[in-house]
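Let's take a walk through this protein together. Keep the 3D view open and follow along as we go from helix to helix.

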Amino acid sequence: SAADDEATTVASTATALETPAARAAVDGDLQAALSRLSAAKRAAWDALDELIEADVRASMAFELGFLADEMTDDEARAALDLLRQSEIDARRDLDRRRAEARALEKRGAVATQPLEHRRNIPAFLLGVCRRIVNDRHRPPADDLPDDADDLDALAPLTGHPAADDDHHDRLLHAVVVCAPLAATRAYAHALKLTPGNAKKGKAAKDALDILLNACPDDLPAQRRLLKALDLNDVIAALVPNTKINASKLNALKTHRKTLEKQLKKQHQPHAGRRGGDAGPSRDDRDPGE
């Protein structure tokens, strides 16, 4: 059938890729990669002979080519030393688990045999090499901003702006933060969150509405900044598995219902007499009529 043919094709392809010729076509020739290694790199590689099986070493032509062409001697030695130490630690951990299983068997307990997974050594080495090469482009520690610069950036932030700042256009932005209650107790615009399963999008919108409703009308700048907050920023700041305090949420629902009733009254047409405008009511007529 077609399914059997497909399975046969996949199996044949996988078998073909295991042949030395196929590996050489994909990753390059191992001996050619070894010939490009410097003396220092070759010595560090030869030190791994007793730790890495021959068939694994035979499949690492691409990784050795990366070592030869992209890394210095010191970088290559550092990468191979990390691989060597990782392999030693893995073998020690396996020996320890085997000893624990034998000790349990001697005591008559049911011991589970430790799983012996074959590590993907080529992938591990390539990941280490790329990390070392990428570290070259990172700025040195002396060029990084120190703590004093961070404090200077935090200095303009305040959780309780003064009313004088509002009326003199000293407020520039509103920043959403989510922090422990003790850290935000003195904030002018704060809302308590409790553990729950509310959706973050709805909780973020409700939180913005509650904060905006609680902001006094005589602080127009703060109200303007609260309205300018991006809902996506609020969603990103919220921690998962939370909900808004029930009392605040109930007050928001009541406020929304009140606004809906007011809007309906504003848009409701006034009833008049059929066939013309409404005339004066009985109470509005002149007493002499």
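## How the helices pack

Start with helix H7 (residues 73-106) and helix H8 (residues 121-134): their axes come within 10 Å and cross at roughly 140°. An axis here is a line fitted to C-alpha atoms, for helices over the stretch in contact, and angles run from 0 to 180 degrees between N-to-C directions. H7 and H8 are therefore oblique to each other. For the wording: angles under 35 degrees count as roughly parallel, over 145 as roughly antiparallel, 65 to 115 as roughly perpendicular, and the rest as oblique.

The crossing of H7 past H8 is right-handed. That word means the near helix is turned clockwise from the far one by less than a right angle, while anticlockwise would make it left-handed. On the H7 side, the contact uses Glu75, Ala78, Ala79, Leu80, Leu82, Leu83, Ser86 and Glu87, and H8 brings Ile121, Phe124, Leu125, Val128, Cys129, Arg131 and Ile132. Contact means heavy atoms within 4.5 Å.

A quick word on ground rules. This is a predicted model, where local features need pLDDT of at least 70 and side-chain atom pairs count only at pLDDT 80 or more, while totals for chains, interfaces and linings use all residues. Residues are numbered from 1 along each chain as its sequence is written, and side-chain values use heavy atoms, with hydrogens and water left out.

Now for H6 and H8, which pack at an angle of about 20° with their axes 9 Å apart. That makes H6 roughly parallel to H8, and H6 passes H8 in a left-handed crossing. Phe62, Glu63, Phe66, Leu67 and Glu70 of H6 make this contact with Pro122, Leu125, Leu126, Cys129, Arg130 and Val133 of H8.

H4 and H7 also pack, at an angle of about 5° and with axes 9 Å apart, which makes H4 roughly parallel to H7. Here Ala40, Lys41, Ala44 and Trp45 in H4 meet Asp73, Ala76, Arg77 and Leu80 in H7.

What kinds of residues make up these contacts? The table sorts them by class; Ala, Val, Leu, Ile, Met, Phe, Trp, Tyr, Cys and Pro count as nonpolar, Asp, Glu, Lys and Arg as charged, and the others, Gly among them, as polar.

| Contact | Nonpolar | Polar | Charged |
|---|---|---|---|
| H7 with H8 | 11 residues | 1 residue | 3 residues |
| H6 with H8 | 8 residues | no residues | 3 residues |
| H4 with H7 | 5 residues | no residues | 3 residues |

## Inside the protein

Which residues have the most contacts inside the largest nonpolar core? They are Leu64, Leu67, Met71 and Leu125, in a core of 29 residues. Such a core is a set of buried Ala, Val, Leu, Ile, Met, Phe, Trp, Tyr and Cys residues joined through side-chain atoms within 4.5 Å. Helix H3 (30-35), helix H4 (39-46), helix H6 (61-70), H7 and H8 each give two or more residues to this core, and H8 gives the most, with 7 residues. Another core, of 10 residues, lies apart from it, and includes Ala203, Leu208, Val234 and Leu238.

Zoom in on Leu67: leaving aside neighbours within four places in sequence, Leu67 is in contact with Leu37, Lys41, Ala76, Leu80, Leu125 and Cys129.

Next, find Leu126 in helix H8. Is Leu126 buried or exposed? Leu126 is buried, with a relative accessible area of 13%; the cut-offs are under 20% for buried, over 50% for exposed and partly exposed in between (1.4 Å probe, protein chains only). Leu126 and Glu63 are 63 residues apart in sequence, yet their C-alpha atoms are 5.9 Å apart in space.

Glu75, in helix H7, is buried too, at 14% relative accessible area. Not counting residues up to four places away in sequence, Glu75 touches Glu70, Ile132 and Arg136.

## An unusual loop residue

Most residues other than glycine have a negative phi. Asn241 has a positive phi of about 60° although it is not a glycine. Look for Asn241 in the loop between helix H13 (231-237) and strand S2 (242-244). At 60% relative accessibility, Asn241 counts as exposed.

## Stepping back

The protein has 14 helices and 2 strands; helices (H or I, at least four residues) and strands (E, at least two) are DSSP runs, numbered from the N terminus. Of its 289 residues, 24% count as buried.
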